[in-house]
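Have your viewer ready, with a selection box at hand. We will make a few stops, and at each one you will get something to select and a note on what is there.

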Amino acid sequence: MDKVDIKYRLLKVIQSFNRIKNIRFNYPEPGLSEPYKPVPLAVIKEYNKFRPLGPRKLLCYVPFSNMSFSSGGRVLACNYNPKVLLGKYPEKSLKEMWSGDSAIELRNHLGHNDFTYGCEFCSGFLLNHKFSGLKPQAYDKYSSGSQQINFPKVMEFELSNTCNLECVMCDGLASSSIRKNRENLPPVYNPYDDEFIRQLAEFIPHLKEAKFYGGEPFLIDIYFKIWDKIIELNPKIKIFAITNGTVLNHRIKDLLKRGNFDLAISLDSVNKEKYMSIRKNSDFDKVMANLDYFNNYCRSRNRAMSISTTLMRINWEDVPGMISFANSKGAQTFFSYLKRPEHLGLYNLDPEELHKIREKLSDCDFPEDTMQQKYNKYCFHDFLNQLEIWEENNIQFQKNTGSSLNINTENQ
């Protein structure tokens with residue numbers, strides 16, 4: 001699923017439109033970026049009107065600010081761009097990767113608003129004018145220091161697939177339980193060790209944020225070592241973790257008290273039966289109780305909690321309920337769109353089915369009294385727009401090929 005800075009997206013997205021739409025901004029002249037291929041100027045201008053912190057010269061400041069650690073020792077500038085590898089740990093040190101040729105090349109491309117160097121994911125969102133889910137928004141606050149890049153300001157950790165669930169839309173790369181029980185494969189090799197933490201110690205004092213993904217973060221032992229090191233060296237760092245909500249014990253409660261955590265809870269339905277059919281091995285009642293604890297923690301410490309939902313054929317009807325539930329908790333929603341396994345995706349449905357889904361949801365309305373509610377309503381309309389884009393794309397696919405894109409069974 002798509003992974004973003006949840007608290008940042010609580011900024012005044014909707015209110016900012018009126019504030020920034022009349023700001024003048026000096027854009028680079030077309031042609032000056034050659035031999036690079038910048039995003040069309042019209043798209044840049046439209047996106048700049050959307051940005052909560054106002055217009056910026058560059059569309060994306062991620063590679064100037066971020067370092068992302070993935071499974072198997074792969075190190076990236078951005079986990080949305082797996083094609084550009086900064087290096088592998090422990091073959092290279094963290095300092096060598098941060099200042100290496102791949103990092104410089106990616107910065108050169110995005111320094112010219114050119115998304116052709118592995119950044120097709122965000123390019124597609126930009127060109128479709130779908131701005132609310134774009135990761136670069138979370139890095140606009142670091143735009144003024146984009147030239148001072150001796151150390152990253154943000155680190156992302158996706159070091160292990162350790163997880164207790166076997167969700168229907170997941171695979172063994174993201175869940176050790178699936179890899180063992182469903183795929184019958186050996187554990188994924190994990191090179192991250194105490195030497196990795198020793199190297200991190202040089203970077204941690206310069207960080208503003210650290211983000212942790214899984215697997216299930218609260219079951220990954222090395223994360224606790226990293227969290228302890230963060231609290232020791234730079235306790236003001238904003239820590240973000242996305243959890244399936246199944247694990248809550250004294251160790252985690254103590255960690256939350258000592259750390260500065262924003263939390264996202266993965267929840268694909270508030271219907272117990274539907275939830276249990278998706279999140280295999282989970283306990284709906286326990287998750288809901290844990291969610292209340294996490295929510296109270298965030299409220300008491302003025303931290304952000306969000307509800308992260310993977311949208312697919314199984315649960316699209318639950319979208320209105322998910323938004324209402326998030327509103328009731330003072331949380332914001334985050335929707336990610338499933339691509340694989342294909343038989344669960346919405347994107348490859350027949351145009352007629354997509355149209356029916358959009359029609360059924362289009363009459364829904366939601367309050368917008370708070371910033372969270374406004375954003376949740378905006379995300380809902382973004383989902384409707386995405387359904388329309390898929391519908392139009394699949395109509396064109398059928399015209400071009402004479403066949404349907406729809407995949408209805410798991411075996412196809």
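Begin with the buried residues of helix α13, which pack against α12, β8 (305–311), β9 (332–337), α14 (351–362) and α15 (371–401). Keep in mind as you look around that this is a predicted model.

To see that stop properly, select residues 319–329, the span of α13. The helix is mostly covered, with eight of its eleven residues buried. Show side chains for V319, P320, M322, I323, F325, A326, N327 and K329, and you have the buried set. Now step just past the end of the helix: G330 follows α13, and its phi is positive, near 70°.

Next, bring up two helices together: α10 (residues 250–258) and α12 (residues 284–300). How do they lie relative to each other, parallel or antiparallel? Their axes come within 11 Å and cross at roughly 15°. Angles under 35 degrees count as roughly parallel, and α10 and α12 are therefore roughly parallel to each other. The crossing of α10 past α12 is right-handed. For the contact itself, select K253, L256 and K257 on the α10 side, then Y293, F294 and Y297 on the α12 side. Coloured by class, this contact shows four nonpolar residues, two charged ones and no polar ones.

Now for the cysteines. How many disulfides does a search of the whole structure find? The count is zero. Select C122 and draw a distance to the sulfur of C78: this is the nearest cysteine sulfur, and it is 6.1 Å away. A disulfide here would need the two sulfur atoms within 2.5 Å, so C122 is in no disulfide. Switch on a surface as well, and C122 counts as buried because its relative accessibility is 8%, under the 20% limit.

Move on to C170, which is likewise in no disulfide. The nearest cysteine sulfur to C170 belongs to C167, 5.9 Å away. C170 is partly exposed, with a relative accessible area of 24%.

For the last stop, select S144, in the loop between α6 (120–127) and β4 (154–157). Is S144 buried or exposed? Its relative accessible area is 76%, so S144 is exposed. Add Y61 to the selection and draw a line between the two C-alpha atoms: S144 and Y61 are 83 residues apart along the chain, and their C-alpha atoms are separated by 9.6 Å.

Key
Residues numbered from 1 in each chain as written. Predicted model: local features only at pLDDT ≥ 70, side-chain atom pairs only at ≥ 80, totals over all residues. Heavy atoms only, no water. Buried < 20%, exposed > 50% of the residue type's maximum accessible area, 1.4 Å probe, protein only. Axes fitted to C-alpha atoms, helices over the stretch in contact; angles between N-to-C directions. Helix = DSSP H or I, 4+ residues; strand = E, 2+ residues; numbered from the N terminus. Parallel < 35°, antiparallel > 145°, perpendicular 65-115°, else oblique. Left-handed = near helix turned anticlockwise from the far one by under 90°. Contact = heavy atoms within 4.5 Å. Nonpolar A, V, L, I, M, F, W, Y, C, P; charged D, E, K, R; others polar.
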